[in-house]
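Reader: Please take one part of this model and look at it closely, and then carry the description outward from there, so that I can follow it with the structure beside me.

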Amino acid sequence: MENALDIQIPKNARILRNMLHGAQFQHDHIVHFYHLHALDWVDIVSALKADPKKTAELADNVSNAQVGGTSYFKQVQQRLQTFVDSGQLGPFANAYWGHPAYLLTPEANLMASAHYIEALRLQARTARMHAIFGGKNPHPQSLVVGGITCVADLTPDRIAEFLYICKETQEFVENVYIPDLLAVASFYKEWGGVGGCANYLAYGDFPESEKEPESLYMPQGAIYNRDLSKVVPLDQMKVTEDVTRGWYEAGSPKHPWSGETKPLKENPKYDTQNAGGKYSWCKAPRYDGKSCEVGPLARVLAAYGKGHSDIKPLVDDTLKKLGIPATALFSTLGRTAARGLETVAVGRRTQQWVTELIENLKNGDTATCAEYEMKDGQGYGWNDVPRGSLGHWIQIKDGKIDRYQYVVPSTWNLGPRDAAGQMSPVEEALIGTPIADPKRPVEILRTVHSFDPCIACAVHVIDPHSNEVYKIKVC
Amino acid sequence: MEKEKSFYERLEARGISRRSFMKYCTALTATMGLSAAYVPKVAEVFAAPAQRPPVVWLHFGECTGCSESLLRSQYPYVDDLVLEVLSIEYHETIMAAAGHQAEENLHAAVKKHAGKFICVVEGSIATAYDGGYGKVAGRTFLEIAKEVIPQAAATIAYGTCACFGGVPAAKPNPGGYKGVKDAIGVSTLNIPGCPPNPINLVGTVVNYLLLGKLPALDDMGRPLFAFGKTIHDQCPRRSHFENGEFVEKFGSEEAALGYCLYKVGCRGPETYNNCPVAKFNDGTSWPVEAGHPCIGCSEPDFWDTMTPFYEEM
């Protein structure tokens, strides 16, 4: 809307949107790592066998976590034991515990399990950053066309509250999340050779002036065929969506401004077997005709390729600590590591935006929302949200929305094949995944979950020896 | 007793004093509309439940914002809910199992706890094309709902989608999405909101654990303790409405003064919810406090009946 109506939002609004978005990165990535991904690597049942004293030593050795010590880990273990002894395993029932692909020691498993619980509590507090300026989380509600509405919250107490929750969260990110990430990664280095894609796309985000994309803190660009030496500048007109394999009426690939969403009606069962090769509600988004991965890895690679002054040293330092080459970034391990590293960079920067907001308010700038006149036209809005590149395309006629399309991160990563048979990034990444037991494919969960999919997806596994097909639901 | 002791020890180890926990219980008891005599009993429910009641949480047409809202619960934190208060037998987002193993958990829980589990539903149910618009593991939402929900002791529709259809049911609604009650004809306890406030779910569950029954409901199945009054009647900006002091543009002087948002589209007068009193995220704020008009997100068909959002009713 702001793009279509040529609105320049006030500086306070730009900074505050960056702050809210930075808080979203901190929150989402912590929850993803600990609650949606960690149990693919961490065997929580094995934690019951750990020696709490050795766990405390391990934790001291790898991290600067504020909570720890033998009695702490003993207490966590006892709590888990009581839970298991109750016989009601709840959400932990029937998982792949004891699978040979779990490689952590019982002590590392206990440490990670304890931090799983710590992170669960922290994220509830972290989410309060959104509520301070957005009224609630999830679904904050203070963003309007032209700026922001939370004018009564631009006070020293509210800003300080935001800053201190941001600092508390960042303390956890740098002293617990990253050390856990490195500790777990050190057991799973071979995953630096599994689960990579060829092409990467980042719209970039966090504008630090009115100049976009130049001022974006997380930069914009595409990387083709893993060539980090060349970060290709973007043109929004090169985005198209293909519906060959989607449950939509046939048509050629279209840019979102001319995009159609006409669900099929003649095949009411929406079976994957009998729809003429159609099998998904997703369309297949392409950039310049290419299937591209979006998300933390794409953003970090674009920043790394451009020699970003914060991201590049973080990446180089991590590669050095793990003793793996830069080529290992194109992998499941690289994706999971990139998510953690950008949380470090964005979380630190968010605190600087808070300072910038305070300075701007001190200078007497009180503007929060620009005035505008409604007019006909078209516009697009690009963001790079925690899961990846997100685009909105809108056309306005007679003061109303005439057409509207959006292309979301999980559609980029999990869309179906296109007319040329190109695979989506998740499908591409799964090729060659070693699987110890096709009936319990924890290895597949690792790669699929590493994309942080916002979708329930069906994955079919074929055993090359028996040719037996296993359908696995991953969610 | 032993359990209760370790519960308070654990709280204190986390820097949460017994006193601040009791303060929360008092607030929760008040939210539920119970007398102060219930405060220690409410605390007891969290400290040492006699048994953890089994919960089956079904996801249909939704965005998982309702689950996310529950994850934001503080006192009790969600790990207390999961490890000590409830037994979450099936929940797609938080469960560790995947694929066939996850589906096995659902079937096993329904069979083992038939007639005894609490079913929480998040999201609405596609009814057109035999439910073809929404499936989990190859089965339609409609089939799953018809199989699971009639076997529950009680069903809580959590969020506007499960209660009344919500966003998936907005016009033109090609998938024929409906709320649980309308889709399969069972009565549900409805906690609407987009997202709903987790304190209202916690309050309902505590009521169930404490009194062995669900709280009193209005004619739309909503707990009266939370949905008995309009936003407007509880709004701290109400005096500005009475005085005719209105915000007419965002970013204006009137907006900075915190005037009434009625003229920029506030739907508070038509919306029943306790947002102004309970607030969100441990009492941090709520939309009107953040300067944004209420969009009526907990009312039936809000996406069609409350829009255009920024125009006066």
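Author: The part chosen is a hairpin in chain A, formed by strands E10(A) and E11(A) with two residues between them, and in its turn Asp398(A) has a positive phi of about 55°. The model is a predicted one, and the hairpin should be read with that in mind. Strand E10(A) covers residues 388–397 and strand E11(A) residues 400–407; the two run antiparallel and are joined by seven bridges. Within this ladder, Ile394(A) of E10(A) has Tyr404(A) as its bridge partner in E11(A).

The positive phi in the turn leads to other backbone details. Most residues other than glycine have a negative phi, and most peptide bonds are trans. Asn94(A), which is not a glycine, also shows a positive phi, of about 65°, and it sits in the loop between H3 and H4 of chain A. A cis peptide bond, with omega about 5°, joins Glu212(A) to Pro213(A), and this proline lies in the loop that runs between strand E4 (205–207) and strand E5 (216–218) of chain A. In chain B the bond from Lys171(B) to Pro172(B) is cis as well, its omega being near 5°, and Pro172(B) is found in the loop between helix H8 (160–164) and strand E8 (177–178) of chain B.

Chain B also offers a contrast to the antiparallel hairpin, in an open sheet of five strands that pair in parallel, in the order E2-E1-E3-E7-E9. Strand E2 (87–90) and strand E9 (189–191) of chain B each have a single partner strand and therefore form the edges, with one side of each left without a neighbour in the sheet. On average, and with direction ignored, neighbouring strands of this sheet are turned by 25° against each other. Strand E1 of chain B, residues 54–59, runs parallel to E2(B) and is joined to it by three bridges, in one of which Pro54(B) has Ser87(B) as its partner. Against this sheet packs helix H6 of chain B, residues 99–112, which touches E1 and E2 of chain B and whose direction makes about 120° with that of E2(B).

The two chains meet in a contact that takes 60 residues from chain A and 65 residues from chain B. The area buried between them is about 5,500 Å², of which carbon and sulfur atoms give 55%. Seven salt bridges are found across this interface, including one in which the side chains of Arg79(A) and Asp80(B) meet at 3.0 Å, N to O. Between the chains, 27 residue pairs are in polar contact. On the side of chain A that touches chain B, at least two residues each come from helices H1 (11–37), H3 (70–85), H4 (106–126) and H5 (128–134) and from strands E1 (143–144) and E13 (469–474) of chain A. Of these elements H4(A) gives the most, with seven residues. By residue class, the side of chain A that touches chain B divides into 29 nonpolar, 15 polar and 16 charged residues.

Over all chains, the count of salt bridges comes to 37. One of them pairs the side chains of Glu241(A) and Lys283(A) at 3.9 Å, N to O, and it links distant parts of the chain, with Glu241(A) in strand E7 (residues 239–242) of chain A and Lys283(A), 42 residues apart from it, in the loop between E7 and strand E8 (284–287) of chain A.

Technical notes: Residues numbered from 1 in each chain as written. Chains lettered and ligands numbered in written order. Predicted model: local features only at pLDDT ≥ 70, side-chain atom pairs only at ≥ 80, totals over all residues. Heavy atoms only, no water. Pairing = 2+ DSSP bridges. Helix = DSSP H or I, 4+ residues; strand = E, 2+ residues; numbered from the N terminus. Axes fitted to C-alpha atoms, helices over the stretch in contact; angles between N-to-C directions. Contact = heavy atoms within 4.5 Å. Buried area = accessible area lost by both parts, 1.4 Å probe. Salt bridge = Lys/Arg side-chain N within 4 Å of Asp/Glu carboxyl O. Polar contact = N/O pair within 3.5 Å; in protein donor to acceptor, adjacent residues only side chain to side chain. Nonpolar A, V, L, I, M, F, W, Y, C, P; charged D, E, K, R; others polar.
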